[in-house]
Amino acid sequence: MRSLLVPYSLIVCFLLGGTKINAQHADLPRGVITDSVPIAESEGYNYALYLPENYTTARKWPVVFVFDIEGKGEKALEVFRQAPGSRNFILIGANNVENTTYESNFYTAKRLFDAVLDKFSIDRARIYLAGFGGGGRLATAIASISRDVDGVIACGAALPGNRNYQPEKNDFIFIGMVGDEDGNYREMTGTVNSLKSKKFESGLLVYEGDSFYPPGESIDKALRMLILKSIARGAVPEGTQIVDSLLKVDMDFNRMTERRGRSLFAFEDVEQLKEDYGNYVDKNVFRERKKEIRKTGQFRKQRNDNYGVEEEESYMLSDYLSFLSADLSKGDIAQLPAWEEEIKKLEKMEKGDNLARRKMASRTKNLLESGIREVIPALDTTNTDQMLFANAFMVLLNPDHEDAYLEVLRYSVKKGEYGMALFYLEQLLKQGFRDVARLNAMDDIALLRILPEYSDILEENGLKTLY
């Protein structure tokens with residue numbers, strides 16, 4: 001999201017302003033997601049809602065406000081509802097946040113908070129935020145400037161780019177979630193380590209894959225972590241009575257993680273369990289569990305495979321991002337063959353026997369792709385060299401990206417690189433592209449279409465030509 005537009009002090013005062021609570025009986029369905037619940041006196045503003053089946057105003061309920069930066073509140077709640085433990089929370093999906101400034105989204109969030117806290121019976125000691133991707137950054141930003149937020153679950157991304165909205169004081173619980181192939185993996189692990197050094201009650205949960213939408217079992221685990229840390233804060237009345245049942249579920253989750261071939265993560269999870277349950281359970285339980293895992297050949301192989309990977313990844317990312325920035329700045333298409341070789345190395349690594357290095361290669365490719373995907377819309381479209389390099393680089397990373405191919409055609413013709421344009425046309429057709437009408441509608445490549453080689457390529461692929 002873009003940077004500061006209004007005074008920071010004004011935003012802080014705005015978000016920290018008091019909200020009245022008038023828990024009204026809401027005649028809304030229980031146990032299901034209801035989309036587009038209107039916010040009174042705020043035309044066009046609404047939210048998705050999940051009320052527990054046994055919701056009643058006779059008690060106070062914990063609430064989780066869930067942010068998806070595309071404003072898809074219902075989708076965000078559907079992801080959360082995969083977790084069985086979510087049925088014990090009121091869930092609110094923000095429908096009006098979008099990929100704009102933090103300040104604009106702060107105002108939207110304030111309206112949402114006021115409406116929900118006024119309408120439902122909310123436990124003010126258990127107001128939590130969650131978010132996916134950019135929504136995770138927004139959740140962290142709001143928590144960092146509000147005294148009313150008790151915890152955050154950030155999935156796939158955490159730290160806002162604006163330092164004014166980054167957490168400094170230990171005011172809230174932070175649970176970071178990230179896929180082991182996500183390009184933001186290093187950012188998230190670094191964020192959690194940084195917050196721990198600042199004495200935040202924080203935890204890291206790594207799941208498989210590259211999506212910032214975690215599986216339901218992982219969200220369930222995150223909610224248990226949140227509950228435990230809230231118990232430690234005294235925010236859950238008689239919470240110690242449920243510790244044993246939470247531990248049983250967590251130990252089952254830990255063993256399931258090991259059975260699925262993730263012994264190293266299971267071992268690291270025991271450390272998190274020790275941190276979360278250490279004040280309630282004999283620590284020998286966790287020592288014995290770690291011994292069990294260490295005895296397996298699978299764990300020893302994964303531990304050995306993992307040696308040196310963090311350092312290798314750090315150096316590789318530093319080099320790649322430095323060189324990519326320089327090449328993009330100059331629009332140096334002469335460097336594309338060198339990048340092609342580097343990407344082939346990563347793809348070869350993805351097929352290797354070392355699991356840790358396979359994951360590292362996938363993360364690196366995903367980081368490069370997400371980075372260039374964010375950069376392209378911000379480039380000056382009149383800078384032909386930069387636009388050509390960026391889109392050609394995207395094609396290297398993602399050969400299925402048809403729009404990037406078409407942009408390469410556009411800017412290579414503009415630059416007079418007809419050989420390059422014909423090459424990428426061939427590659428595009430090999431990927432299965434057949435929309436000749438779309439090619440014919442591109443005025444920018446008119447000079448390419450009149451070349452005999454252009455017609456030959458189309459005919460070789462069984463497509464009709466204009467000339």
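The paragraphs below walk through the confidence, the nonpolar cores and the aromatic and polar side-chain contacts of this structure.

The structure is a predicted model, with a mean pLDDT of 91 for the protein and 94% of the residues at 70 or more. Residues 1-26 call for caution, since their pLDDT is below 50, although in the model this stretch has 66 contacts beyond near neighbours in sequence.

In soluble globular proteins, nonpolar side chains tend to be buried together. Here the largest nonpolar core comprises 52 residues, and the members that touch the most others are Tyr424 and Leu439. At least two residues of this core come from each of several helices, including helix H11 (309-330), helix H13 (355-375) and helix H16 (418-430), while the most, 10 residues, are given by H14. Another core, of 47 residues, lies apart from the largest one and has Phe65, Ile127, Ile145 and Phe174 among its members.

Tyr424 deserves a closer look. Its relative accessibility is 9%, so Tyr424 counts as buried, and, leaving aside neighbours within four places in sequence, it is in contact with Leu336, Ala392, Val395, Tyr405, Val408 and Leu409. Tyr424 also forms an edge-to-face aromatic pair with Phe423, with 5.3 Å from centre to centre and 90° between the planes. Phe423, by contrast, is partly exposed, because its relative accessible area of 44% falls between the limits of 20% for buried and 50% for exposed.

That pair belongs to a wider set of aromatic contacts, for a search of the whole structure finds 17 aromatic pairs. In the pair of Phe106 and Tyr165, the ring centres are 4.9 Å apart and the planes stand at 80°, which makes the arrangement edge-to-face because that angle is over 60 degrees. Phe106 lies in helix H3 (residues 102-119), whereas Tyr165 lies in the loop between strand S6 (151-155) and strand S7 (173-179), so the pair ties together parts that are 59 residues apart in sequence. Both Phe106 and Tyr165 are buried. Elsewhere, Phe80, Phe132, Phe212 and Tyr213 form one aromatic cluster.

Aromatic rings also meet charged groups. The charged end of Arg59 sits over the ring of Trp61, at 3.6 Å from its centre, and that of Arg81 sits over the ring of Tyr50, at 4.2 Å from the ring centre.

A polar contact completes the picture. Asn398 is placed in the loop between helix H14 (384-397) and helix H15 (402-415), and its side chain makes a polar contact of 3.2 Å with the side chain of Glu369. Neighbours within four places in sequence aside, Asn398 is in contact with Glu369 and Arg373.

Note on methods. Residues are numbered from 1 along each chain as its sequence is written. Side-chain values use heavy atoms; hydrogens and water are left out. Rings of Phe, Tyr and Trp (its six-membered ring) pair if their centres lie within 6.5 Å; planes under 30 degrees apart count as stacked, over 60 as edge-to-face and the rest as tilted. Helices (H or I, at least four residues) and strands (E, at least two) are DSSP runs, numbered from the N terminus. Buried means under 20% relative accessible area, exposed over 50%, partly exposed in between (1.4 Å probe, protein chains only). A charge sits over a ring if NZ of Lys or CZ of Arg is within 6 Å of the ring centre and within 35 degrees of the ring normal. A polar contact is a pair of N or O atoms within 3.5 Å; within protein, one must be able to donate a hydrogen and the other to accept it, and residues adjacent in sequence count only if both atoms are side-chain atoms. Contact means heavy atoms within 4.5 Å. pLDDT is the predictor's confidence in each residue, from 0 to 100. A nonpolar core is a set of buried Ala, Val, Leu, Ile, Met, Phe, Trp, Tyr and Cys residues joined through side-chain atoms within 4.5 Å.
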